[in-house]
Amino acid sequence: MKSIRMRLLVTLATAFVLGWIVLALFIHTETRHEITELYDAELARFADIITHLPINEERLETMHQPGIGSAELGHRYGNFISVQQWIGTRLVYRSQNVPDYRITSENGYSDVIIDNEPWRFFQLETGDNGLLIVGEKYRVRNELINNIAANTIAPMIWTLPLLFFALHVAISKGLKPLKTLSKEVSKRDHRSLLPVAINQAPEEVWPLTQALNRLLTRLQEAFEKESHFTADASHELRTPLAGIRTQTQLALRHCKEQETIAALNKALQGLDRCDRLVEQMLTLHRLNPEQAGEHFQLVDLVELANSACEDLAPQAREKSIRITTRFDETSEPLLTSGYSPGLYIMLRNILENAIHYTPECGEIQVAVTTSGKNEIRLEITDSGPGIPDEIRQRVFNRFFRQQGTAVPGAGLGLSIVKQIADLHKIRLIIKNLKTGTGLRFSALFKKAIDSS
């Protein structure tokens, strides 16, 4: 359970329910205790009243006939009360609902089972060597106890939904500052790194807000340093490399020794790799989702693929690699929405990677086709060695290079491809060909409609 609101609601509701269960048990226990004392006192009082009634000796033979409990009129609880009166060993009076033998031999209160039903009896000795036994069924007491407990607890149960609703409202109101803070932060873009206002926030949120403000301050400082680094790197790195390249080319023109010419050519190749590395690092740094999203436009993927193929054709010719293209024959252009320079860099890196790993006299196929109603599939298939399955997902990591490869590079090309693809929500699929040699790199774009 990750929601604070649900966690608090469940915890508090459980605590209230458990508390009410304990309260209900307490009410039931106390009610039973008080009613037991009340009814026991009534039995003693009833017995005391009967003992003071005069007994007519001439009617002793008839007093054992049905008395209390046989009346058809009166309350239904009348049958739940009984009386036995003894003089010595002689039963002189009894109620219809009790047997004619002595029910209990204990003075005071006692519990007896008659016909599988519990009774509460009170026995009192009279002055004429007699006994008076007054009893009452426990059913009367239990009904009263249960009625009182039910009438007390029922309103508590009925108010449970209202209590849960009140808890939900109170918790939602208490968590509102967090929601407000979340909305305020989510509305900001990469340029809004000002501290968050904490004037209206409750004290419990202050530590979080202060920590967030400290983080925003550190991020602003870090972004400023990176921005300065980008500006400085573009000048400080490219300018010296251009100067070294110029001096190396001049030395190569005036040099006639073959060993020196070969060394200078290798130096130029190293400078080319340095230029490429600097370009890739600066490109990787400049990629910013917020900035790129501001410049999204309709991009024709067929034109983009043709431009990349034309620009990299000289590299392919150096290795005698043939690049073929295949596009859907349709009157409508295959358009997608995106940042055109970024998509070009992505496509160029994929194609350049294919040229590097394709052996001499190999072949590369570039295809742009529709895939369903809302997708465009761009595929680049080479005849290289492919990528082992165990490292296929790692090729998008920065500076990752397959061990044992002699292909020049810094391991940033596919990392930039992945970053641009994530920026445009492009799905990338890498598969080795079933023939055993060759790799197919697929990019699935969302199709856009030209509204013009």
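**Exercise 1. Is Leu23 buried, partly exposed or exposed, and what is its relative accessible area?**

Before starting, note that this is a predicted model, in which local features need pLDDT of at least 70, side-chain atom pairs count only at pLDDT 80 or more, and totals for chains, interfaces and linings use all residues. Residues are numbered from 1 along each chain as its sequence is written, and side-chain values use heavy atoms, with hydrogens and water left out.

Step 1. Locate the residue: Leu23 lies in helix 1. Helices (H or I, at least four residues) and strands (E, at least two) are DSSP runs, numbered from the N terminus.

Step 2. Apply the cut-offs: buried is under 20% relative accessible area, exposed is over 50%, and partly exposed is in between (1.4 Å probe, protein chains only). Leu23 has 36%, so Leu23 is partly exposed.

Step 3. Look across the chain: the C-alpha atoms of Leu23 and Ile153 are 8.9 Å apart, with their positions 130 residues apart along the chain.

**Exercise 2. Work out whether the span of helix 1 agrees with its number of residues, and find what covers its buried residues.**

Step 1. The expected span is 1.5 Å times one less than the number of residues. For the 48 residues of helix 1 (residues 4-51) this gives 70 Å, and the end C-alpha atoms are 70 Å apart, so the two agree.

Step 2. Buried residues of helix 1 include Leu9, Ala13, Ala24, Ile27 and Thr31.

Step 3. Among the elements that cover them are strand 1, strand 5, helix 2 (138-158) and helix 3 (160-186). Contact here means heavy atoms within 4.5 Å.

**Exercise 3. Describe the surroundings of strand 1.**

Step 1. In strand 1 (residues 81-87), 5 of the 7 residues are buried, so the strand is largely enclosed by the rest of the structure.

Step 2. Two strands pair if DSSP finds at least two bridges between them. Strand 1 runs antiparallel to strand 5 (residues 130-137), with 7 bridges, and Ile87 stands opposite Gly130.

Step 3. Strand 1 is also antiparallel to strand 2 (residues 90-94), through 4 bridges; Gln84 has Arg94 as its bridge partner. These two strands make a hairpin with 2 residues between them, and Gly88 in the turn has a positive phi of about 65°.

**Exercise 4. Trace the open sheet and the helix that packs on it.**

Step 1. The 5 strands follow the order 7-9-10-12-11, with mixed pairing. Strand 7 (322-327) and strand 11 (427-432) are at the edges, each with a single partner strand, so one side of each has no neighbour in the sheet.

Step 2. Strand 9 (residues 363-370) and strand 10 (residues 375-382) pair antiparallel over 7 bridges, and Val368 is bridged to Leu378 of strand 10.

Step 3. Helix 9 (residues 340-357) packs on the sheet, and its direction makes about 25° with that of strand 10. Such angles run from 0 to 180 degrees between N-to-C directions, and axes are lines fitted to C-alpha atoms, for helices over the stretch in contact.

**Exercise 5. Analyse how helix 9 meets helix 10.**

Step 1. The two axes come within 9 Å and cross at roughly 145°.

Step 2. The contact includes Leu343 and Met346 of helix 9, and Leu414 and Val417 of helix 10. Its residues divide into 9 nonpolar, 5 polar and no charged, where Ala, Val, Leu, Ile, Met, Phe, Trp, Tyr, Cys and Pro count as nonpolar, Asp, Glu, Lys and Arg as charged, and the others, Gly among them, as polar.

Step 3. In helix 10, 9 of the 12 residues are buried, so this helix is largely enclosed by the rest of the structure.
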